Amino acid sequence: KGEQLAVEPKITPISVGDGDVWEWFSPSTAGYGDPLRRQPAAVLGDVEARLLTADAAGRVFGVVIDDEGLDVAATAARRKDLLRDRLDGQEPADQVEPPEDAKRIGDLLHVVDGRWWCNGADLGPLTENYKLQARMREMSFAELSQEFIPPEYAAQMSAKMVFREYLCPVTGLRIDSEMARIGEPPLHDIVLPPATPPDRSQP
């Protein structure tokens, strides 16, 4: 209880007295893989440790937590809804095991016979940027999360940037993500040389 004062960076000093409480909200640092693939029990642990709100758990991780704890059935339904939304209403399919000779690149992406492969979807030749064939979803940082909206948002650098998700067109799961200036082309950040046969000319 008491008066609430927003503290911004690079302002004149403020007085802090006995009994004042500092509270810091910030987006978390980057993780690995798609948030919708994180173990629900781990998300529940974060909520119980007050590292995450139940609302954020549902919004970011698709994990439904109520007064009784983790709702497993509701979490499965929520995650399916989020995947369907990513695919613009298309029903997300289950993951597909890659061929035995597939080369894994990251969490979901593979190389099969010199082409980018994700859950059975052909994302083009290895020499090209797979992102051009993946599903792409672009959001402003204001749409992404309320934690990214500082005062005078329109004047901030975050208003000039977008967050992009590159999604498997079969499952809707996130292959990769990036930040970019508005209007910039997709980053071509994975470049692999084409496979060449071994040199057998030497003894």
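**Exercise 1.** In this predicted model, classify V16 as buried, partly exposed or exposed, and state which nonpolar patch V16 belongs to.

*Solution.* The first step is to take the relative accessibility of V16, which is 48%. Since buried requires under 20% and exposed requires over 50%, V16 counts as partly exposed. The second step is to locate the residue along the chain, where V16 falls in the segment before helix 1 (40–48). The last step is to look at its partners on the surface: V16 forms a nonpolar patch together with L5, V7, I11, I14 and W22, and the accessible area of these residues together is about 600 Å².

**Exercise 2.** Decide whether the length of helix 3 agrees with the expected span, and determine where the buried residues of helix 3 lie around its axis.

*Solution.* Helix 3 covers residues 72–86, so its 15 residues, at 1.5 Å a residue, should span 21 Å; the end C-alpha atoms are 21 Å apart, which agrees. Next, the buried residues of this helix are listed as T75, R79, L82, L83 and R86. Viewed down the axis of helix 3, these buried residues fall within an arc of 100°, and therefore they line one face of the helix. Finally, the buried residues of helix 3 pack against helix 1, helix 2 (54–60), strand 2 (69–70), strand 7 (135–140), strand 8 (161–167) and strand 9.

**Exercise 3.** Establish whether G183 is buried or exposed, and how far G183 is from K160 in sequence and in space.

*Solution.* G183 lies in the segment after strand 9 (174–181), and because its relative accessible area is 68%, G183 is exposed. G183 and K160 are separated by 23 residues in sequence, while their C-alpha atoms are 9.8 Å apart in space.

Definitions and conventions: Residues are numbered from 1 along each chain as its sequence is written. This is a predicted model: local features need pLDDT of at least 70, side-chain atom pairs count only at pLDDT 80 or more; totals for chains, interfaces and linings use all residues. Side-chain values use heavy atoms; hydrogens and water are left out. Patches are made of residues with over 30% relative accessible area and no salt bridge: like charges are joined within 9 Å, nonpolar side chains (Val, Leu, Ile, Met, Phe, Trp, Tyr) within 5 Å. Accessible areas come from the Shrake-Rupley method with a 1.4 Å probe; for residues, only the protein chains shown count as cover. A salt bridge is a side-chain nitrogen of Lys or Arg within 4 Å of a carboxyl oxygen of Asp or Glu. Helices (H or I, at least four residues) and strands (E, at least two) are DSSP runs, numbered from the N terminus. Buried means under 20% relative accessible area, exposed over 50%, partly exposed in between (1.4 Å probe, protein chains only). The expected span of a helix is 1.5 Å times one less than its number of residues. The arc is that of the directions from the helix axis to the C-beta atoms. Contact means heavy atoms within 4.5 Å.
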